[in-house]
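Trainee: Could you take me through one part of this model slowly, namely the pairs of oppositely charged side chains? I would like to see where the partners sit and what surrounds them.

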Amino acid sequence: MSAPPLPYERKPSNTTPSAFSARNLSQTRLRSNSHGPLAQDISAELTEAEVNSIAPPAPIYKIVLTGGPCGGKMSAPPLPYERKPSNTTPSAFSARNLSQTRLRSNSHGPLAQDISAELTQAEVNSIAPPAPIYKIVLTGGPCGGKTTSMARLSPYLRERGFEVITCPEAFSLLVNNGMAFDYLSAVKGMDIVVQDTVMDMQIGMEDGFERVLRARGKPAVLLCDRGLMDGSAYMKDEDWNKLMQKREIDCVSELREGRYNAVFHLVTAAEGAEEYYTLENNAVRTESPELARSLDSMT
């Protein structure tokens, strides 16, 4: 964009309070799945946060900003990916040389002719991909180099013939878009609701990005900033087990080796290189070096 939007300046007003306010807006305009208070026998089994998520006690308004390009929806657009020439020799880890046997997908061979005839090429590819898709997770404690590694791995893999999409950390998306850290302690059971939401977001992004790569029809890598198991490091064991029961997950291998081709653990700088541990390059990072080491051992 040519210039960022001007910051909002609150000016004194002589007008009467608007009807469109948190206090005055009619509850009848609330869009939610709530149909009144929950039955006593049901609500007694849930935490306050779970009750609120089903029957919210206050209105939630979903507002969309849309329009053409350069309409001011974002303060600044993301920088475009720039492909740089490489002087390195081709690696054995390339799209052409890597064995097809390492493909993890839901494909079980070509589609029946009568089915594929009704689909576009992209739809056929997304169901039975003609090339391998590798899902790789980078995990570990805070300040372990996950973001830096993804930024370096992406062009490295593209130069070797792979299509690459990076999947961001779901929890960071929540925080960077308005969820304050005090949400986690504001209501009893909030940490379970937040981690449940994070898992939903992570699954949705991973599956959506994988679908796009499969439809592309070329060898591809999906690089994930943390995986579905990472939430367990930020919850008590009993809360994590409760979340697994709620989601009907019998074995955590479904969230790990049953879902990804590889998981790489990057050790936090707080472990052995504490002088390089910093909070300055990540607004979501608030952990002390001691806590960072503890989280690193649990991820």
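Mentor: This is a predicted model, and the count of salt bridges in it comes to 13. Side chains of opposite charge can pair when their charged atoms come close. Let us begin with E50 and K242, which form a salt bridge whose closest N and O atoms are 3.6 Å apart. This pair links distant parts of the chain, since E50 belongs to helix 2 (residues 48–54) and K242 to helix 9 (residues 237–246), 192 residues apart. The two partners do not have the same kind of surroundings: E50 has a relative accessible area of 7%, and because buried means under 20%, E50 is buried, whereas K242, at 31% relative accessibility, counts as partly exposed.

A second pair is E206 and K135, whose side chains meet in a salt bridge with an N to O distance of 3.9 Å. E206 lies in helix 8 (residues 190–216) and K135 in strand 1, so the pair ties together parts that are 71 residues apart in sequence. Here both partners, E206 and K135, are buried.

A third pair is R226 and E169, with side chains that meet in a salt bridge at 3.3 Å, N to O. R226 is found in the loop between strand 3 and helix 9, while E169 is found in the loop between strand 2 and helix 6 (170–176), so parts that are 57 residues apart in sequence are tied together by this pair. Both R226 and E169 are buried. Some salt bridges also share partners, and in this way K135, E206, D207, E210, R214 and R259 are joined into one network.

The strands named along the way deserve a look as well. Strand 1 (residues 133–139) runs parallel to strand 3 and is joined to it by six bridges, and within this pairing I136 has L223 of strand 3 as its bridge partner. Strand 2 (residues 163–167) also runs parallel to strand 3, with five bridges joining the two, and there E163 stands opposite A220. Six of the six residues of strand 3 (residues 220–225) are buried, so this strand is largely enclosed by the rest of the structure. Both of its faces are covered, with A220, L222 and C224 buried on one side and V221, L223 and D225 buried on the other.

Terms used: Residues are numbered from 1 along each chain as its sequence is written. This is a predicted model: local features need pLDDT of at least 70, side-chain atom pairs count only at pLDDT 80 or more; totals for chains, interfaces and linings use all residues. Side-chain values use heavy atoms; hydrogens and water are left out. Buried means under 20% relative accessible area, exposed over 50%, partly exposed in between (1.4 Å probe, protein chains only). Helices (H or I, at least four residues) and strands (E, at least two) are DSSP runs, numbered from the N terminus. Two strands pair if DSSP finds at least two bridges between them. A salt bridge is a side-chain nitrogen of Lys or Arg within 4 Å of a carboxyl oxygen of Asp or Glu.
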